[in-house]
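The following exercises concern aromatic and nonpolar packing in a single model. Each task is followed by a worked solution.

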Amino acid sequence: MKISFKFISPAVFMLVLVGCLILIGNDEASGELLMQTQGYASFAPYIHGVEKTAGLYPGYRAEFLSHVDFFRKGRFVASGIVGNMTIISRSDSTVFNLDKIRYTLSPGIRYEFDTWFIQSVFHHESLYSISRAEDFNGAYWQNSIRFGIGTKSSSYLYLPEKFTSGAGIRGSSFDARCTAGMFMHGSDSVWSARNHSYRYEMLSVLRYHVSAIHNWIISSTLNQHLWLKEDNSSENKTSLTINFYKKATGRLFGIYYVYTLYDSYEENNEDKQGALGLRIVY
């Protein structure tokens, strides 16, 4: 059974969420306009796992993610995420050549407890080729409704607050998050249509905060993403990230290493590739 989402767009989704927040509770003064921004930016060259060919091959990856909290009513928060990842290729004739760009747009709502949260988001994602021809399906895009639950520090949203405030850095600790999503099957709009055969997805994050040494924090993160397709087959991506963050005023800065342990995802395969770079978490 296919469910049609012909009339859903990020703007409509966000308006509905904000409307629900306004209607929650009878205390009009409890609502608060926030406009608070958190996120990260990173740049990393691939250092192994890349096959150098006569054509373009991955050379660098640049990522940016911005999470904005728009409105709070009690423990409910309306928010949105805008992000992109750019793959910069190398060849024998050029050092920098923009190859692919992936952008995401995810308005949503979350409910916060003391140390964990639950959330629901509308997730739009597109992947475009820049320096090479698209395949016969054209640019790849997907739209899904996601539901997730996890501890606060499993998200970049809460990391600077946790570490720069001095809480939670004495000794080791674990954080985890699990998310399930269902892809839309509409056909009238880029915000509800799809040009792929994926039906469902599951994402998980397990973060281990190893220790704090003076102003440096050491942590590792295991990311898992599973896609289920219409023919009951599946694709999977598992990656491990090691972080060395230095505390600053309200933000973190440091070195990270990411290695893709296994990747069968057809749209953006990074199997056995490793990158070492710099990241700012703000």
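Two rings of Phe, Tyr or Trp (its six-membered ring) form a pair if their centres lie within 6.5 Å. The model examined here is predicted.

**Exercise 1.** State how many aromatic pairs the whole structure holds, and classify the pair of phenylalanine 117 and tyrosine 158.

*Solution.* Searching the whole structure yields twelve aromatic pairs. For phenylalanine 117 and tyrosine 158, the ring centres are 5.9 Å apart and the planes stand at 40 degrees, so this pair is tilted. Next, locate the partners: phenylalanine 117 belongs to strand β5 (residues 116–129), while tyrosine 158 is in the loop between β6 (140–151) and α2 (159–164), 41 residues apart. Both phenylalanine 117 and tyrosine 158 are buried.

**Exercise 2.** Apply the classification to tyrosine 198 and tyrosine 265, and decide whether tyrosine 198 is buried or exposed.

*Solution.* The ring centres of tyrosine 198 and tyrosine 265 are 5.9 Å apart with planes at 50 degrees; the pair is therefore tilted. It links distant parts of the chain, with tyrosine 198 in strand β8 (residues 198–213) and tyrosine 265 in the loop between β11 (251–263) and β12 (274–281). Buried requires under 20% relative accessible area. Tyrosine 198 has 2%, so it is buried; tyrosine 265, with 6%, is buried as well.

**Exercise 3.** Identify the rings over which arginine 279 lies, and place tyrosine 40 and tyrosine 256 in their nonpolar cores.

*Solution.* Arginine 279 lies over the face of tyrosine 40, at 4.8 Å from the ring centre, and over that of tyrosine 256, at 4.0 Å. Tyrosine 40 is one of eight residues in the largest nonpolar core. Tyrosine 256 belongs to a second, separate core of seven residues.

Definitions and conventions: Residues numbered from 1 in each chain as written. Predicted model: local features only at pLDDT ≥ 70, side-chain atom pairs only at ≥ 80, totals over all residues. Heavy atoms only, no water. Core = buried A, V, L, I, M, F, W, Y, C linked by side-chain atoms within 4.5 Å. Buried < 20%, exposed > 50% of the residue type's maximum accessible area, 1.4 Å probe, protein only. Phe/Tyr/Trp six-rings, centres within 6.5 Å; stacked < 30°, edge-to-face > 60°. Helix = DSSP H or I, 4+ residues; strand = E, 2+ residues; numbered from the N terminus. Lys NZ or Arg CZ within 6 Å of the ring centre and 35° of its normal.
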